[in-house]
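Trainee: I should like to go through this structure and ask, for each description, what justifies it. May we begin once it is displayed?

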Amino acid sequence: MPAVFVVFVGPAGSGKSTLVASYSSWARKNLLLRVAPVNLDPGAEEVKYKPVFDIRNYFTLRDIMEKYGLGPNGAFIKASELIAEKLDEVFSQPPFSNPDKWDLVLADTPGQMEAFLFRPSSSVFLDSLRKLGNTVVAYVIDASAVARVSDAVFLWFLYVLIQVKTGLISVPVINKSDIAVNPRLLKLLIENPSALTSEVGSEGFAAEIIPDLIQIAEKTRGPLRPVMVSAVNEEDMEKLHVLLHEAFCACGDLT
Ligand SMILES: Nc1nc2c(ncn2[C@@H]2O[C@H](COP(=O)(O)OP(=O)(O)OP(=O)(O)O)[C@@H](O)[C@H]2O)c(=O)[nH]1
Ligand SMILES: [Mg+2]
């Protein structure tokens, strides 16, 4: 059976690269799966996994900045265009050229989502990926970035927008459980998001708009509950695996 592709997205520093490293290592050790990590971040300095495909073999952020005289953000945008332009070349390389050889392909993406994921060229890449095999998006939230209801609503809404933009099955993963600043709020977010409404104060723009945003987010939530993991401690990787499995149970088997 061809591989399942998991594309890790999420705000800068949420732990995508660390999670790709620890989930790869866990799935190899515990399930003996054939896992292919893929690095799509041309700005990554070093990654803690051995990529089967690495975009930095084609270009790095530094190369692009120099060649086109761009700043880092302009260079990220240029990089996403170059990935789309070089798509045939990219897909002629493993693991894209031999998806039957792998069980899981884990793609690590740049944290500058507005320069990659939210650009038109990412759709070109994701469309090609979904033709190769089942593709799911893992949206990584940093637990240490959720202190207030407004933080939770902001990060959750980004998840809604990612689903709108990619049109792919998406699962929410709350990372850095070891340094969560407001575990009570995260528990609400996971178990009973509607209850967040009662946590909002009674005045101002936030009080007016947050209940509406929560209602929209609830509408798009689907049956998949977020999981909490710690990539750095390789904790609760099984929960992540089960969630990804649930996302695919209708169309394939991961184990
Ligand atoms: N405490 C803690 N730190 C973590 C965890 N996961 C990642 N980190 C740390 O968070 C920082 C960012 O991790 P990365 O894996 O580089 O995050 P990223 O999302 O790939 O970052 P960008 O690619 O720059 O967007 C590093 O210092 C990691 O060691 C975790 O589970 N717990
Ligand atoms: Mg990274």
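Trainee: How do you know that the span of helix 6 agrees with the expected 1.5 Å a residue?

Mentor: In this predicted model, helix 6 covers residues 149–166, which is 18 residues. The expected span is 1.5 Å times one less than the number of residues. That gives 26 Å for helix 6, and the distance from its first C-alpha to its last is 26 Å.

Trainee: Which residues of helix 6 are buried, and what do they pack against?

Mentor: The buried residues are Val-149, Ala-152, Val-153, Leu-155, Trp-156, Tyr-159, Ile-162 and Thr-166. Their packing partners include strand 1 (4–9), strand 5 (135–142) and strand 6 (169–175). Helix 5 (120–132), helix 7 (183–191) and helix 8 (204–219) are also among the partners. After helix 6 comes Gly-167, with a positive phi near 65°.

Trainee: Why is Tyr-159 called buried?

Mentor: A residue is buried if 20 or more other C-beta atoms lie within 10 Å of its own. Tyr-159 has 21 such atoms, and is therefore buried. Leaving aside residues within four places in sequence, Tyr-159 contacts Tyr-139, Ser-170 and Pro-172. Ala-217 is 58 residues from Tyr-159 in sequence, yet the two C-alpha atoms are 8.6 Å apart.

Trainee: What makes Lys-219 exposed?

Mentor: The cut-off for an exposed residue is 12 or fewer C-beta neighbours. Lys-219, which lies in helix 8, has 9 other C-beta atoms within 10 Å, so this residue is exposed. The C-alpha atoms of Lys-219 and Val-160 are separated by 9.7 Å, with their positions 59 residues apart along the chain.

Trainee: How do you know that the length of helix 1 agrees with expectation?

Mentor: The 16 residues of helix 1 should span 22 Å at 1.5 Å a residue; the end C-alpha atoms are 21 Å apart, so the two values agree. Among the buried residues of helix 1 are Lys-16, Ser-17, Thr-18, Tyr-23 and Trp-26. The buried residues of helix 1 pack against strand 1, strand 2 (35–39), strand 4 (104–108), strand 5, strand 6 and helix 9 (237–248).

Trainee: What does helix 1 give to the shell around ligand 1?

Mentor: Helix 1 (residues 16–31) gives the most to that shell, with three residues. The surroundings of ligand 1 comprise 18 residues, of which Gly-15, Ser-17, Thr-18, Gly-111 and Val-232 come nearest. By class, the shell divides into five nonpolar, nine polar and four charged residues.

Trainee: What is notable in the phi of Leu-32, and why is Leu-32 called exposed?

Mentor: The phi of Leu-32 is near 55°, which is positive although the residue is not glycine. Leu-32 lies in the loop between helix 1 and strand 2. With 10 other C-beta atoms within 10 Å, Leu-32 is exposed, as the limit is 12 or fewer.

Trainee: Why does Asp-236 count as partly exposed?

Mentor: Asp-236 has 19 C-beta neighbours inside 10 Å. Partly exposed residues fall between the limit of 12 or fewer and that of 20 or more, so Asp-236 counts as partly exposed. Asp-236 is in the loop between strand 7 (227–228) and helix 9, and its phi is positive, near 65°.

Trainee: Why are helix 2 and helix 3 called roughly perpendicular?

Mentor: Helix 2 (residues 61–68) and helix 3 (residues 72–85) pack at an angle of about 105°, with their axes 9 Å apart. Angles of 65 to 115 degrees count as roughly perpendicular, and the two helices are therefore described in that way. The contact has eight nonpolar, no polar and one charged residues. From helix 2, Leu-61, Ile-64, Met-65 and Tyr-68 meet Pro-72, Ala-75, Phe-76, Lys-78 and Ala-79 of helix 3.

Trainee: What makes Pro-110 buried?

Mentor: Pro-110 has 23 other C-beta atoms within 10 Å, and 20 or more suffice, so Pro-110 is buried. Pro-110 is in the loop between strand 4 and helix 5. Beyond residues up to four places away in sequence, Pro-110 touches Asp-41, Gly-43, Phe-76, Ala-115 and Phe-116.

How values were computed. Residues numbered from 1 in each chain as written. Chains lettered and ligands numbered in written order. Predicted model: local features only at pLDDT ≥ 70, side-chain atom pairs only at ≥ 80, totals over all residues. Near = placed C-beta within 6 Å. Helix = DSSP H or I, 4+ residues; strand = E, 2+ residues; numbered from the N terminus. Nonpolar A, V, L, I, M, F, W, Y, C, P; charged D, E, K, R; others polar. Contact = placed C-beta atoms within 7 Å. Axes fitted to C-alpha atoms, helices over the stretch in contact; angles between N-to-C directions. Parallel < 35°, antiparallel > 145°, perpendicular 65-115°, else oblique.
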